[in-house]
Amino acid sequence: MMTSQNKSLLQVRDLTTTFYRNGRALRAVDGISFDVHAGEVLGLVGESGSGKSISLRSIIGLARDYGTVEGNVYWKGEDLLTRTDKQLQCVRGSQISMIFQEPMTSLNPLLTVGLQIEENLKAHTDLDRPARKARAIELLDTVGIPGASSRLRDFPHQFSGGMRQRVMIAIALASCPELLLADEPTTALDVTIQDQILQLLLSLAKNLNMAIVLVTHDLGVVAQTCDRVAVMYAGRLVETGSVRDVLKRPRHPYTLGLLKSVPESVPPRTPLYSVPGTPPALDALPKGCAFAPRCHMVEDICLGNRPPLSEIGEQISSACHFPEVAGEEVSA
Amino acid sequence: MSSLSYLVSRLMQIIPTFLLVMVVIFLLVRMLPGDPAIAMADAKATEAQLELIRQKLGLNEPLVMQFLYFVKNTLSGDMGTSILLKAPVLEVIAERIPVTAFLTLYAVCLSILIAGPLAFVAALNKNGGLDIAIRTGFQIGLSTPVFYIGLLLLTFLAASLGLFPVGGYGATFLQRLHHLILPALTVALYTSAIIMRNLRSAVIEVLDADYVQFARSKGLSRSVILGRHVLRNAMISTVTLLGLSIGALMSGTLVTETVFAVPGLGRLMLEAIFARDYPLIQGLTLTFAVMVSLVFLFTDMVQAWLDPRLRLS
């Protein structure tokens, strides 16, 4: 949080996204702040419904059609949230790209893969038709699709799930963005394919010096791929820090819970750990810490007072009243 | 290549459909109450005269034979002689087909022109004032009987204001456009209501689809997103519905053509039914069946053109 502002590519400040259902306001994202530095991979972790995807969509203005988005999202010094859709067109897809969770439904079934790549190039580059085609082939080749030149005329349904995810990456990277928002890009894929896609993303990010915000619910993925991590719970950030620090010694009991649920070097037939309980409904958030009802070390203060996200060490922040004892079990 | 094989397989499906239609037509007409011989002869005809007419029409033959004759004659283009008009059925029908085809096509074009833009406007203003106004308007259109709308249009626009002719069918293309606008509009109001509702919800659904969100995240302009990504996908289900409603629309010409005195197949059908003109009824029913099948075939072709998953699977 405290890094000098000019070093960070994207600065998200107090991002709050509210949806309205039957006259009730539901805060899907509640005042989150984080920075993304050039070329780094930031993991945004949390359970389903914690607001990770909505946060990403809010950043590039895809969520505001469904609710209100407040706060600031600074991109190269300009607040993206104040821009209209039309003004955002030159940022979306060219400077900031996004890939989605479901490769089966995120490509238009009626258009050829070639056209879906080329329309990005047409929107953001001056390339003429043959040049766009050549670039499309190059992109499919880069993301590892065999026989790229013969596949431009194919439709999405002629590709497998993993291949479609590669196509989506090719589309997102077409105009060499500086930031990629990746919304659970591997969740819908087979485990073997997951790893391939992650490795592909990492190597592409490195070659293009592209930053990634990687949304996932899997701390194992974070450990493999990310530089820094931000943990979300019930629409708020509960812990941020470098992956090494956070995984070595979490400062929030929720992070600890997530960490313990990653199956790792356990003997066979050991029941997997899961954080007891379920996340609170957005319209029934507890008054104090949102995690308190599920927390193993809850005290009276947790029920009445919501702990703010505060810095407790170098580049480590936690929203817990007892950050020093929260992660003891791992470090011990 | 695979598009061609799709077309061929689709054409093959039509053959059994037609056979079935011919059986149904044949049986239905024979199950209608009343004796066509009596209808043909005048009231004072003797039993001997009636018998002569029955023999001439082949009504005394066994049913199976009658059916085989019917199939054989139909395939060779002979659908008998109209009892009412005393002319070959094929000739009578061929003369009227262009009128109904023109009216139907006209109505379809009008429905698309009315429903398409309004559906988009309604979907983009979902639950807004404009959306509610459009939906309410069409709801009224849907719940009013076709003939009643026709009579209203006729009374006000044609009879009182004299803007349009009260009936008939012009000679040139432009005259026809002018003559048929009220009947076409009458039919179109109903179809467009159906299309509008379907297209509106399809557009709303597609706007939320992942691929549209992804298209937006690519920084495409609004017109490209709506035209290329939303419209085409939303059209798929609407095209099917449009095809189905053209079928219904053709049977609707019975009423419309009668109300507006348009000399088309619909009005002819009504006259044939009242006169118990068996050959003509059979010929007309078959004609309607052929036209509806062709419309369905065309609808399927449009869908295959829109959706590569149909074409290439």
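This is a short dialogue on reading a predicted model with a chain A and a chain B.

Q: Let's start where the chains meet. How many residues of chain A are in contact with chain B?
A: Good place to begin! On the chain A side there are 33 residues, and they are in contact with 25 residues of chain B.

Q: How much area do chain A and chain B bury between them?
A: The general idea comes first. The size of an interface is often given as the accessible area lost when the parts come together. Here, chain A and chain B bury about 2,400 Å² between them, and 55% of that area lies on carbon and sulfur atoms. Three residues, A:Leu110, A:Glu119 and A:His157, supply 25% of the area that chain A buries against chain B, more than any other three residues.

Q: Which side chains meet in a salt bridge?
A: One of these pairs is B:Lys218 with A:Glu119, at 2.8 Å from N to O. The count between the two chains is 4 salt bridges. For polar contacts, the rule finds 14 residue pairs across the interface, both residues at pLDDT 80 or more.

Q: Which elements give two or more residues to the side of chain A that touches chain B?
A: They are β6 (96–99), α3 (113–124) and α6 (161–173) of chain A. The largest share comes from α3(A), with 6 residues. Sorted by class, this side of chain A has 16 nonpolar, 11 polar and 6 charged residues.

Q: Now for a strand. How many residues of β9 in chain A are buried?
A: Strand β9 covers residues 228–233, and 6 of its 6 residues are buried. Look at which way they point: A:Arg228, A:Ala230 and A:Met232 go one way, while A:Val229, A:Val231 and A:Tyr233 go the other way.

Q: Which strands pair with β9(A), and in what sense, parallel or antiparallel?
A: Strand β3 (residues 41–45) pairs with β9(A) in the parallel sense over 4 bridges. Strand β10 (residues 236–242) pairs with β9(A) in the antiparallel sense over 6 bridges. Try following A:Val229: its bridge partner is A:Gly43 in the pairing with β3(A), and A:Gly241 in β10(A). β9(A) and β10(A) form a hairpin with 2 residues between them, and A:Ala234 in the turn has a positive phi of about 50°.

Q: Last one: why does A:Arg251 count as buried?
A: A:Arg251 counts as buried because its relative accessibility is 16%, and the cut-off is under 20%. You can find A:Arg251 in the loop between α9 (243–248) and α10 (253–260) of chain A. Beyond its neighbours within four places in sequence, A:Arg251 is in contact with residues including A:Glu239, A:Ile312 and A:Glu324.

Key. Residues are numbered from 1 along each chain as its sequence is written. Chains are lettered from A and ligands numbered from 1 in the order in which they are written. This is a predicted model: local features need pLDDT of at least 70, side-chain atom pairs count only at pLDDT 80 or more; totals for chains, interfaces and linings use all residues. Side-chain values use heavy atoms; hydrogens and water are left out. Contact means heavy atoms within 4.5 Å. Buried area is the accessible area (1.4 Å probe) that two parts lose on being put together, summed over both. A polar contact is a pair of N or O atoms within 3.5 Å; within protein, one must be able to donate a hydrogen and the other to accept it, and residues adjacent in sequence count only if both atoms are side-chain atoms. Ala, Val, Leu, Ile, Met, Phe, Trp, Tyr, Cys and Pro count as nonpolar, Asp, Glu, Lys and Arg as charged, and the others, Gly among them, as polar. Buried means under 20% relative accessible area, exposed over 50%, partly exposed in between (1.4 Å probe, protein chains only). Two strands pair if DSSP finds at least two bridges between them.
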